[in-house]
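Me: Please take a close look at one part of this model, the site around the bound ligand, and describe the surroundings in one connected answer.

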Amino acid sequence: MIRILKGDAVSKLDQMHCKRIGQSSYELMETAVQGFIHWFEEQKFTGQEIFIYVGGGNNGGDGLGIARHLQQRNYQVTVVLCFNDEADLSADSKINFDRLPEGVSKISFEDFDFPSKGIFIDAFLGVGLKGKLRDSALPIVDSWNKQQGVKIAVDIPSGLLSEGIAEEKTSVACADYTVTFAFPKLSLLFPENAKVVGELVLVDIGIADSLYQEFESDLFYIQKKDIPERHRRFHRFSHKGDFGRILLIGGSLGKMGAVVLSAKSALRTGAGLVTCQIEESERFIIQASVPEAMVIGEDLKDLDAFDAIGVGPGWGVDNREKKLEFLLKSFSKPMVLDADALNVLSQNPELLSLLPKNSILTPHLGEFERLVGSCVNHLDRMGKASELSKKYQIILVLKGANTLISLPDGRQLFNSTGTHFMATGGAGDVLTGIITAFLGMGYSPENAAICGVFHHGLAGEYAGKIRFQGTIASDIIEQIPRTFEFVENS
Ligand SMILES: NC(=O)C1=CN([C@@H]2O[C@H](COP(=O)(O)OP(=O)(O)OC[C@H]3O[C@@H](n4cnc5c(N)ncnc54)[C@H](O)[C@@H]3O)[C@@H](O)[C@H]2O)[C@H](O)CC1
Ligand SMILES: [K+]
């Protein structure tokens, strides 16, 4: 799994990589440029003029290389020079500046009349930005933000710090896409920055995973290649018991759909036997909509028969405190707590210390803040999530665009799958079903959380490609089986 590095570690990583494999820093820049071009061509943005804002550092160097490659592919390219003097260019940028073909138009920012439409590429400032934008840079960012057309940031939107938050008042060049190199810079993963980052694209520039291990960082980025090794293998003689007996506790009058969604998701993930514990009066709803699931209408006294328990979807909070306390005291294996189970915990924080070790809590931002108090921003949220995980030795899955998993040992993992089309009622209940199913199959809680968020996000992406903003939670469930095919076979 790649680590998310901070501060000067980024340039150190580049240097070590170049030294180890005998590559020059210019060749590394060229790899980054070619990765960008590969992605760009796949997008089929055709028939428009391209304007590339270039700064004096290596981010600008990337932009100049991109200009050369695009011109060679017959695009009409203009580079907007956002530096004072050629002499100020970094060494690698100078090479790309000198290699600009005749066909690329060059114009200095001062002489640049704003065109009305085009494709805009921001290679003004990258991770070399220090502190707040200088006044001299403000008009450049302002002009960028007034342009009309597709906007693509190279590595990071100009003006955004690698670990910073774009507050309302800070000046940042907003992008529709950010094509980042090697690993996502931390700030690209913050929900507060979503509107300036746009869609996040990661370009691999060939830095070995093993090199990342030499850097201290508790932050990681989960990708597809990290998943198959975490899957449990089953064999010809595996029976439904091997795939886990799970219990889902939830639902209340008018909110039975939540348990239905969790149960279906668990079954589509591969759970062997699913039992739903619900109010007796609502039994018919489950039996009619998920015939594969069993139903228990009274409180169970003996929970030992179950491999995993998921509690909370649609449960309601009235009179649940004693039930949750009983559950936490009677089941010693890690369990999944979501939705109203989390709300009951927030109202009765003394129950937190009863949580079985490595239990998985899956709050959305609102549920999380009810648990820990309000947070100033995502950095603050990350800190509080980590504290809670360590204090109670639990796994926190903070749901959002890049769902964050906090582990009891302090590691924090960002997920890479998902789409805004998943912002729909019931998507969280689906995740509960998936994670509980993985736990029941004998996955370690850490792997159940990692595989759970990855498959859930991927199923959402597939559903979103078919249903767009009409995506509903049931569409996500339908796509779960396909995610296994993709992860294992491609
Ligand atoms: N491994 C990789 O990810 C690779 C990244 N590459 C690209 O290189 C940049 C980082 O390049 P660097 O030269 O270190 O810095 P920048 O170009 O981002 O910025 C330097 C530029 O910024 C000016 N500046 C600094 N602070 C401010 C400020 N507060 N206000 C205004 N201007 C400021 C400074 O004067 C310089 O002119 C990385 O992002 C990638 O795009 C490589 O291509 C290879 C691999
Ligand atoms: K940039």
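**The site around ligand 1**

Reply: A polar side-chain atom of Asp62 sits 2.4 Å from an oxygen atom of ligand 1. The model is a predicted one, and the distances below are computed from its atoms. Two other residues make comparable entries in the list of contacts: the side chain of Asn59 places an N or O atom 2.8 Å from an oxygen atom of ligand 1, and Gly126 brings a backbone N or O atom to 2.6 Å from an oxygen atom of the ligand. Of the 880 Å² of accessible area that ligand 1 has on its own, the protein covers 82%.

The shell around ligand 1 holds 20 residues, and the closest are Asp14, Asp62, Gly126, Lys130 and Asp155. Sorted by class, 8 residues of this shell are nonpolar, 6 are polar and 6 are charged. Helices α2 (25-43) and α3 (58-72) each contribute at least two residues to the shell. The largest share, 3 residues, is from α3.

Asn59 also takes part in a metal site. Its OD1 atom coordinates the potassium ion (ligand 2), together with the O atoms of Asp122, Leu125, Val154 and Ile156, at 2.6 to 3.0 Å. Along the sequence, these donor residues follow the spacing N-x62-D-x2-L-x28-V-x1-I. Two of the donors can be checked for burial, for which the cut-off is a relative accessible area under 20%. Val154 has 0% relative accessibility, so it counts as buried. Ile156 is likewise buried, because its relative accessible area is 0%.

Of the helices that supply the shell, α2 can be described further. It has 19 residues and reaches 28 Å from its first C-alpha to its last, close to the 27 Å expected at 1.5 Å a residue. The buried residues of α2 are Tyr26, Leu28, Met29, Glu30, Ala32, Val33, Gly35, Phe36, Ile37, Trp39 and Phe40. After α2 comes Lys44, with a positive phi near 55°.

Helix α14 (residues 427-440) can be described in the same terms. Its 14 residues should span 20 Å at 1.5 Å a residue, and its end C-alpha atoms are 20 Å apart, which agrees. In α14, 14 of the 14 residues are buried, so the helix is largely enclosed by the rest of the structure. Gly442 follows α14 and has a positive phi, near 95°.

Conventions. Residues numbered from 1 in each chain as written. Chains lettered and ligands numbered in written order. Predicted model: local features only at pLDDT ≥ 70, side-chain atom pairs only at ≥ 80, totals over all residues. Heavy atoms only, no water. Near = heavy atom within 4 Å. Polar contact = N/O pair within 3.5 Å; in protein donor to acceptor, adjacent residues only side chain to side chain. Areas by Shrake-Rupley, 256 points an atom, 1.4 Å probe, with all protein chains shown as cover. Helix = DSSP H or I, 4+ residues; strand = E, 2+ residues; numbered from the N terminus. Nonpolar A, V, L, I, M, F, W, Y, C, P; charged D, E, K, R; others polar. Donors = N, O, S within 2.8 Å, 3.2 Å for Na, K, Ca; no water. Buried < 20%, exposed > 50% of the residue type's maximum accessible area, 1.4 Å probe, protein only. Expected span 1.5 Å × (residues − 1).
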